[in-house]
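Colleague: I should be grateful for a close look at one part of this structure, namely its internal spaces and the residues around them. Please set that part in the context of the rest of the chain.

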Amino acid sequence: MTDDTLRSSRAVVIGGGLAGVTAALRLADAGLDVTLLEGRPRLGGLAFSFRRGELTVDNGQHVYLRCCTAYRWFLDRVDGAALAPLQNRLDVPVLDVGRLAGPRLGRLRRNGLPVPLHLAAGLAAYPHLSLAERASVGRAALALGRLDPDDPALDDIDFGSWLARHGQSPRTVEALWDLVGVATLNATAPNSSLALAAKVFKTGLLSEPGAADIGWASVPLGDVHDTLSRKALDSAGVRTELRTKAGALTRTDDGRWVVDTGAERIEADTVVLAVPQREAHDLLPEGAIDAPERLLEIGTSPILNVHVVYDRKVLRQPFFAALGSPVQWVFDRTEASGLTGPGQYLAVSQSAAHEEIELPVAELRARYLPELERLLPAARGAGIRDFFVTRERTATFAPAPGVGRLRPGTRTRVPGLFLAGAWTATGWPATMEGAVRSGAGAADAALLALGRPHEHPLQEAA
């Protein structure tokens, strides 16, 4: 290395996912000179898009809720809120094809009444549960509302056992709790920490009437998480280096940090590690956190997405959830993908897909095309213009009981080094909301350590 390769920067953020981009923007907004390093040729982490012929394809369907105030701040900050609109009111079509009497469509809806009355009418009309099961849901929801998600004791309890103790039948778990929980936690109730489940359901369903209203990008995710993020970073004065990985992280004799990328060494007062937990483990200097081996004990959970392009329109809803079928959630991505001519592009999102993540495409095609025909009569006889699969084998950390004690906080034991990522101790499961919160938290901690506290973004968004 020559002296010419040693650059000075007040802060270096390693990782260009939502956590890293958030941290970089927050630090730059506070007046720091920031360099952002990302090993991929794009920003956005695991919420990204790619080209496939004429289509722009999201690697997986991502949604957020109105209660996701940090992610909504992020959308505003990168000028992308209009590209990811929210429903006016929660409305989820749920199609049950497992009934002997034939398929039946129900809806999970809310009204404008105060909590908990906002869901009462919708639950009373939900046809996929018996009257007794609907009554039991109300009692369990009240009990859930009394839990404190920050209570460490809840982390050791699995959500499935808790639901069973509170009178929830297997059908109730399937048709309601797992319908929501698998999509948000990326795990079934028996494999989910009660603390994380309580966080999801209390915040999403029991905090305010509109908390669970659903939003999703009406454009490819890359337009928001990559293109608009890069524009915002550039405008904030952040130096962004793609295809650049940090190979080593060391401290100088005067207590500053040096990040070595192989091509240059970047000197900084502050470093934010916003990479997956295993990569963070490998970069952390000795003594930075207690029991660093715990990072390697944080499990992962896969998400599989099945993409089907039909030669005609087969679905008239923007999305729906399914019961009595291997299919979980189906989204219409036709307009967002740029599909031209006749046809419709559907994305089937399969969370907690441990048993299917490695199956060959041919086997997945043989499994899912007949299921879609069973769910959507208009698909019967429709031509298939394209069929492909995207797999995220380590899409999220596994929200298993006990994971809370493995998740580190944002501060380390070494001055000037901070952690960010949905896997850190945000109190949230591995969502876009958790990622943004972690990045904001790391930046706030860094600014406080530098004696430059800055208003929290959630206060700005309030």
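Modeller: The account below begins with the enclosed cavities, passes to a pocket, and then turns to the cores and some individual residues. Please bear in mind that this is a predicted model.

A search of the whole structure finds 2 cavities of 30 Å³ or more. The largest cavity holds about 60 Å³ of space. Its lining is made up of Thr56, Asp58, Gly60, Gln61, Pro220, Asn305, His307, Arg333, Ala336, Tyr345 and Ala347. Three strands, E5 (55–58), E15 and E18, each supply at least two residues of this lining. By class, the lining of the largest cavity divides into 4 nonpolar, 5 polar and 2 charged residues.

The second largest cavity encloses about 50 Å³. The residues that line this second cavity are His62, Tyr64, Tyr71, Leu75, Ala84, Gly215, Trp216, Ala217, Leu221, Val224, His225 and Met432. Two or more lining residues come from each of helix H2 (69–77), strand E9 (214–216) and helix H8 (221–235). Helix H8 gives the most, with 3 residues. The lining of the second largest cavity has 9 nonpolar and 3 polar residues, and no charged residues.

The second largest pocket is an open space, with a volume of about 650 Å³. Of the 31 residues that line this pocket, Val182, Thr188, Gln328, Ser351 and Ala352 are the closest to its centre. Two or more residues of the lining are given by each of helix H6 (170–185), strand E15 (300–310), strand E16 (319–323), strand E18 (344–351) and helix H12 (361–375). The largest share, 5 residues, comes from H6. In terms of class, the pocket lining has 15 nonpolar, 11 polar and 5 charged residues. Strands E15 and E18 thus appear in the lining of this pocket and also in that of the largest cavity.

Helix H6 leads to a residue with a notable backbone. Asparagine 186 lies in the loop between H6 and helix H7 (194–206). Its phi is positive, at about 60 degrees, although the residue is not a glycine. Asparagine 186 counts as buried because its relative accessibility is 3%, under the 20% limit for that class. Alanine 291 likewise has a positive phi, near 50 degrees, in a residue other than glycine. The place of alanine 291 is in the loop between helix H9 (277–283) and helix H10 (294–297). At 23% relative accessibility, alanine 291 counts as partly exposed. A further backbone feature is the cis peptide bond that joins valine 115 and proline 116, with omega about 0 degrees. Proline 116 is in the loop between strand E8 (104–109) and helix H3 (117–124).

The nonpolar cores complete the view of the interior. In soluble globular proteins, nonpolar side chains tend to be buried together. The largest nonpolar core here has 111 residues, of which Ile14, Leu27, Phe159 and Leu273 touch the most other members. Leaving aside residues up to four places away in sequence, isoleucine 14 touches Leu37, Ala246, Val259, Val271, Val272, Leu273, Ala274, Val275 and Leu283. A second, separate core has 27 residues, including Tyr310, Val314, Leu372 and Ala379.

Two loop residues offer a contrast in accessibility. Threonine 424 is found in the loop between strand E20 (417–419) and helix H13 (432–449). Threonine 424 is buried, with a relative accessible area of 3%. Not counting residues up to four places away in sequence, threonine 424 touches Arg407, Pro408, Leu419 and Ser438. Glycine 338, by comparison, sits in the loop between helix H11 (334–337) and E18. Glycine 338 is partly exposed because its relative accessible area is 36%, between the limits of 20% and 50%. From glycine 338 to arginine 139 the separation is 199 residues in sequence and 46 Å in space, C-alpha to C-alpha.

As to the record, an unreviewed UniProt entry carries the annotation "domain: Amine oxidase" for residues 18–446. Over residues 18–446 the chain is 33% helix and 22% strand, and the end C-alpha atoms are 17 Å apart.

How values were computed: Residues are numbered from 1 along each chain as its sequence is written. This is a predicted model: local features need pLDDT of at least 70, side-chain atom pairs count only at pLDDT 80 or more; totals for chains, interfaces and linings use all residues. Side-chain values use heavy atoms; hydrogens and water are left out. On a 1 Å grid over the protein atoms alone, a cavity is a set of points where a 1.4 Å probe fits but cannot get out, and a pocket is an open set with protein on both sides within 12 Å along at least five of seven lines; lining residues have an atom within 4 Å of a point. Grid points are joined across faces, edges and corners, and a volume is the space filled by probe spheres set on the points. Helices (H or I, at least four residues) and strands (E, at least two) are DSSP runs, numbered from the N terminus. Ala, Val, Leu, Ile, Met, Phe, Trp, Tyr, Cys and Pro count as nonpolar, Asp, Glu, Lys and Arg as charged, and the others, Gly among them, as polar. UniProt positions are given in the numbering used here, feature names are shortened, and annotations may be inferred rather than shown by experiment. A nonpolar core is a set of buried Ala, Val, Leu, Ile, Met, Phe, Trp, Tyr and Cys residues joined through side-chain atoms within 4.5 Å. Buried means under 20% relative accessible area, exposed over 50%, partly exposed in between (1.4 Å probe, protein chains only). Contact means heavy atoms within 4.5 Å.
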